[in-house]
Amino acid sequence: MLGHLARRLGRMQQISNGLKLFSEEPHRHLQTSLETIRPLSMVSLWPFSSQPRDFSQPNSSWSPEMHKAYDHYNALCDTDTENGEEKRGPWRKLPSYNRSIKYATGGIHLSKLIQAKARLFTRNVKEQGATFEYMVFVNKEEKRCVCVFQAGHLLEGAPGHVHGGAIATMIDTVTGTLAGFLSGPVMTANLNIDYRSPMPLGSVVLIHSALDRIERRKTYITCKVTSTDESKLYTEATALFVSISVGHLFGSRN
């Protein structure tokens, strides 16, 4: 009788231990899972990088001349301290990314935006130094900008020289950047280019753009392309940009 009772108590203890183990195992998994969950403040709710790559930063493909020109204009962006207050320089370096956000009427689904394959023409080659290496510095007070441009080996036109279409692309890019900076959203309406001298492939040049005038929706820009010491003139151009309304791109009917 006692032996039978002992056996029953033994089985009950085994069941109790099993139930305890069963109840503890999910708890351990739950605790481990909770330990791996980061606070909401640490979780990014935006799927894109908060710091997209700036393609205008120095890289290993830059020549010493490119670095020198970059350092010169970048120094003009430095802040000085006067009477205990920081005073920003007259120049500002603009970042350069490889994509534009494209909207459909009424907006676009985020999933489609993430999967978009569109890339800016001047920033669509992964190989550094192969095509367009450039950065833009703008002076809002003087209403002008300077672009330091190094032409890569894939931009060849005539043997050993930069293709005229590549030069036109950069002129359109830089003059459009200045027009957009001063007048808001614009589109190119007219671009006149005079090629003065062939540009050697791989050379570093300065693209100077300045505001000519603004007439209502029209912004007129002048441009010239020179050597970094400005002793050689490669190209001259004038451009006309027209301000556009972007309300319809967001679904506005006004």
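## The largest cavity

Fourteen residues line the largest cavity, and those lying nearest its centre are F55, V125, E127, F132 and E133. Sorted by class, this lining consists of four nonpolar, five polar and five charged residues. The space inside the largest cavity amounts to about 100 Å³. The structure, which is a predicted model, holds one cavity of 30 Å³ or more.

## Overall fold

The chain contains four helices and nine strands. In sequence order, these elements follow the pattern α-α-β-β-β-α-β-β-α-β-β-β-β. The chain has 254 residues, 30% of which count as buried. Considering contacts between residues at least 6 apart in sequence, 61% join residues at least 24 apart.

## Nonpolar cores

The largest nonpolar core comprises 29 residues, and C147, F149, M170, M199 and I207 are those with the most contacts inside it. Two or more residues are contributed to this core by each of strand 4 (132–139), strand 5 (144–151), helix 4 (164–183), strand 7 (204–215), strand 8 (218–227) and strand 9 (233–243). Helix 4 supplies the largest share, with seven residues.

F149 shows how residues from separate parts of the sequence meet. With neighbours within four places in sequence set aside, F149 is in contact with M66, T131, F132, E133, Y134, L155, M170, M199, S203, V204, V205 and I207. Another core, of 13 residues, lies apart from the largest one and includes M66, C77, V148 and V204. Two members of that other core, M66 and V204, are thus also among the contacts of F149. Likewise, F132 and E133, which lie nearest the centre of the largest cavity together with F55, V125 and E127, are in contact with F149.

## Cysteines

The structure holds zero disulfides. C223 is in no disulfide, and the nearest cysteine sulfur, which belongs to C145, is 7.8 Å away. A disulfide requires sulfur atoms within 2.5 Å, so the separation of 7.8 Å between the sulfurs of C223 and C145 does not qualify.

Are C223 and C77 buried or exposed? C223 has a relative accessible area of 6% and is buried. C77, at 15% relative accessibility, also counts as buried because the limit for that class is under 20%.

## Loop residues

K143 and R216 are not glycines, yet K143 has a positive phi of about 55 degrees, and R216 likewise has a positive phi of about 55 degrees. K143 lies in the loop between strand 4 and strand 5, whereas R216 is found in the loop between strand 7 and strand 8. Strands 4, 5, 7 and 8 are among the elements that give two or more residues to the largest core. K143 is partly exposed, with a relative accessible area of 39%. R216 counts as exposed at 83% relative accessibility, because exposed means over 50%.

S60 occupies the loop between helix 1 (2–36) and helix 2 (64–75). With a relative accessible area of 72%, S60 is exposed. S60 and G129 are 69 residues apart in sequence, and their C-alpha atoms are 8.3 Å apart in space.

Key: Residues are numbered from 1 along each chain as its sequence is written. This is a predicted model: local features need pLDDT of at least 70, side-chain atom pairs count only at pLDDT 80 or more; totals for chains, interfaces and linings use all residues. Side-chain values use heavy atoms; hydrogens and water are left out. Buried means under 20% relative accessible area, exposed over 50%, partly exposed in between (1.4 Å probe, protein chains only). A nonpolar core is a set of buried Ala, Val, Leu, Ile, Met, Phe, Trp, Tyr and Cys residues joined through side-chain atoms within 4.5 Å. Contact means heavy atoms within 4.5 Å. On a 1 Å grid over the protein atoms alone, a cavity is a set of points where a 1.4 Å probe fits but cannot get out, and a pocket is an open set with protein on both sides within 12 Å along at least five of seven lines; lining residues have an atom within 4 Å of a point. Grid points are joined across faces, edges and corners, and a volume is the space filled by probe spheres set on the points. Ala, Val, Leu, Ile, Met, Phe, Trp, Tyr, Cys and Pro count as nonpolar, Asp, Glu, Lys and Arg as charged, and the others, Gly among them, as polar.
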